[in-house]
Amino acid sequence: ADKTSIEWTDATWNPIRGCSRVSPGCKHCYAEGVANRFSGPGQAYEGLVHIGKADGKPLGWNGHIKFFKKHLLDPIRWKRPRRIFVNSMSDLFHENVTDEMRDRIFAVMALCPQHAFQVLTKRPEEMRDYLCTSELRNRIVLQMQTQFGPGYPQGFYADIREWVDNDDFPLPNLWLGVSVENQKTADERIPLLLQTPAAVRFLSCEPLLGPVNLDAYMVEDCLRCRSGYVQGWALERGYCEHCFKHITDPVHVRKHLDWLIAGGESGRGARPMHPDWVRSLRDQCAAAGVPFFFKQWGEWIPWEQEQAPCWISQHGTSEDHHALFPENIADDPPGWDSGLGYEEETHAAFQRVGKKSAGHLLDGVEHHAFPGVLP
C-alpha cells in the first residue's frame with residue numbers, strides 16, 4: 001500500500017494482520033470490516049475473524065495474528081521518503097504479536113532512515129514494556145545483520161549501529177501514538193505513552209466519542225533524557241530533575257505531546273461527534289503549541305439552523321429528527337448509542353450526509369498540521 005486514502009499518512013505497511021477489540025472505539029472498526037469482506041478461503045484475512053455457526057457469516061476479529069513475511073521489506077523498496085502507518089490492519093502491540101515479529105519489523109525501520117514510521121496502538125503498556133527493554137537495541141541490530149546482511153555495502157552496519165546507539169533510541173524516525181476516544185481512555189493510555197521514548201508522540205482521537213481534557217498532559221519535558229516532567233522547582237531553576245542538565249535553552253524543552261489527530265466516526269452504525277468536543281481539542285492544541293489535524297466529521301455533521309434536521313436511520317429511512325445531547329437520546333431511532341449522553345454538554349442536532357459530504361472543515365477552516373520533526 002504505497003498509496004493510501006488515510007489523510008495523515010503517505011503509505012500503509014502491514015507485515016502483520018489480525019486484531020481484537022479492547023474499547024468502545026473498536027465498535028465499528030474499519031479494519032475489522034475489511035477483514036470480514038476478505039475472510040473467505042484463500043483470501044487475505046482467512047482465519048482471522050469469527051465465523052457464525054448458523055449462517056457462516058464473518059463476525060469480526062478473533063484475536064489470531066498472521067505474520068506476512070512477503071511484505072516485511074516493502075519500506076526498503078520505497079526510496080522516496082514517506083510517512084508510513086505501521087500495521088493499519090492490526091496493532092503492533094497486540095498480545096499475540098511476538099517480540100521476534102516486532103524485532104524484525106523494527107529492524108526494517110532502522111534500515112529505512114529516510115522514512116517516518118507511525119505506530120498507533122490501543123495497548124500502550126505493551127508498547128512501553130517492549131521499547132524500554134534494555135537488550136532491545138542489540139536484538140534489533142542482530143535482526144538487521146542476520147536477515148538483511150547480504151544486501152548492504154561494507155560499513156553500512158557501523159553507520160546504522162551508531163544511529164541506533166544515539167540518545168534518541170529506539171529510533172529517531174519512530175512516531176508513537178495511542179488511540180483516545182474519551183476521557184477514560186485518555187487517562188489510561190496517555191501516561192503510558194509519555195513513559196515511552198519516541199521522536200514524536202501523538203494522539204489519534206478518532207472516533208471521538210466524548211470530551212477530552214488534556215491539561216494534565218500538555219507539560220514540558222527534557223529533550224536530553226525524555227524521561228520525565230520538567231516542572232516545579234526544577235523548571236524554575238532551569239534543571240531537569242532526571243538528568244540534572246541545564247534546560248534554559250528552549251531547544252532542550254518540548255511539550256510532551258507533539259501532534260493530535262481528531263475525527264468523527266464513519267461507516268455503518270457511525271456515532272455522531274459533538275462539535276464542542278473537537279473544538280475543545282483544537283483550542284487546547286493551539287494554546288499548547290501542539291499541531292492539530294482534523295481528519296473528518298464522519299457520517300454526521302452538525303445541523304444548520306436554516307436546514308430541516310434529517311436523521312437517516314440504520315435502515316436507510318429518512319426521518320425529521322433532532323439528535324440531541326443528552327435528553328432526547330431515548331427517543332432516537334434504533335442504532336443510537338445512549339452511552340454518548342453527557343449531562344454537561346449542550347444540545348446539538350445532526351444530520352447524516354455521509355463521510356464525503358460531511359468533509360473536514362471545522363468552523364469553515366481546514367486543520368491539517370503536522371509535527372515539525374522528520375527524519
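Helices here are DSSP runs of H or I with at least four residues, strands are runs of E with at least two, and both are numbered from the N terminus. Everything below comes from a predicted model.

**View 1. A cis peptide bond sits ahead of Pro207.** Pro207 belongs to the loop between β9 and β10. Look at the link from Glu206 to Pro207: the peptide bond is cis, with omega near 0 degrees.

**View 2. Asn213 also belongs to the loop between β9 (200–205) and β10 (220–222).** Buried or exposed, or something in between? Asn213 comes out as partly exposed, because its relative accessibility is 40% and that label covers the range between under 20% (buried) and over 50% (exposed). Its side chain reaches the backbone nitrogen of Asp215 at 2.8 Å. Setting aside residues up to four places away in sequence, Asn213 touches Gln183 and Gln284. With Gln284, the two C-alpha atoms are separated by 8.2 Å, though the residues are 71 apart along the chain.

**View 3. The largest pocket holds about 1100 Å³ of space.** Its lining has 47 residues, and the closest to the pocket centre are His28, Cys29, Tyr30, Ala31 and Glu32. Which elements give two or more residues to this lining? They are α1 (30–37), β4 (58–61), β7 (116–121) and β13 (292–296). Of these, α1 gives the most, with seven residues. By residue type, the lining splits into 15 nonpolar, 19 polar and 13 charged.

**View 4. Helix α1 has a buried face.** Ala31, Glu32 and Ala35 are the buried residues to pick out in α1. Viewed down the helix axis, the buried residues of α1 stay within an arc of 100 degrees, so they line one face. That fits the usual geometry: an α-helix has 3.6 residues a turn, so residues three or four places apart point the same way. The cover over the buried residues of α1 includes β3 (49–51) and β4.

**View 5. Arg123 is tucked into the loop between β7 and α4 (124–131).** Why does Arg123 count as buried? Its relative accessibility is 9%, and buried means under 20%. Neighbours within four places in sequence aside, Arg123 is in contact with Cys19, Ser20 and Val22, as well as Asp91, Phe93, His94 and Glu95.

**View 6. Two asparagines, Asn87 and Asn96, share the loop between β6 (83–86) and α3 (99–110).** Asn87 is the buried one to look at, with a relative accessible area of 1%. Asn87 also has a positive phi of about 60 degrees, although it isn't a glycine. Asn96, on the other hand, counts as partly exposed, at 41% relative accessibility. A polar atom of the Asn96 side chain lies 2.7 Å from the backbone oxygen of Gly63. Beyond its neighbours within four places in sequence, Asn96 is in contact with Gly63 and Ile65. Gly18 is another residue to find in this view: Asn96 and Gly18 are 78 residues apart in sequence, with their C-alpha atoms 9.3 Å apart in space.

**View 7. Asp363 lies in the loop between β18 (361–362) and β19 (365–366).** What is the phi of Asp363? Phi is positive, about 55 degrees, although Asp363 is not a glycine. Asp363 counts as partly exposed, at 45% relative accessibility.

Technical notes:
Residues numbered from 1 in each chain as written. Predicted model: local features only at pLDDT ≥ 70, side-chain atom pairs only at ≥ 80, totals over all residues. Heavy atoms only, no water. 1 Å grid on protein atoms, 1.4 Å probe; cavity = no way out; pocket = protein on both sides within 12 Å on 5 of 7 lines; lining within 4 Å. Points joined across faces, edges and corners; volume = space filled by probe spheres on them. Nonpolar A, V, L, I, M, F, W, Y, C, P; charged D, E, K, R; others polar. Buried < 20%, exposed > 50% of the residue type's maximum accessible area, 1.4 Å probe, protein only. Contact = heavy atoms within 4.5 Å. Polar contact = N/O pair within 3.5 Å; in protein donor to acceptor, adjacent residues only side chain to side chain. Arc of directions from axis to C-beta.
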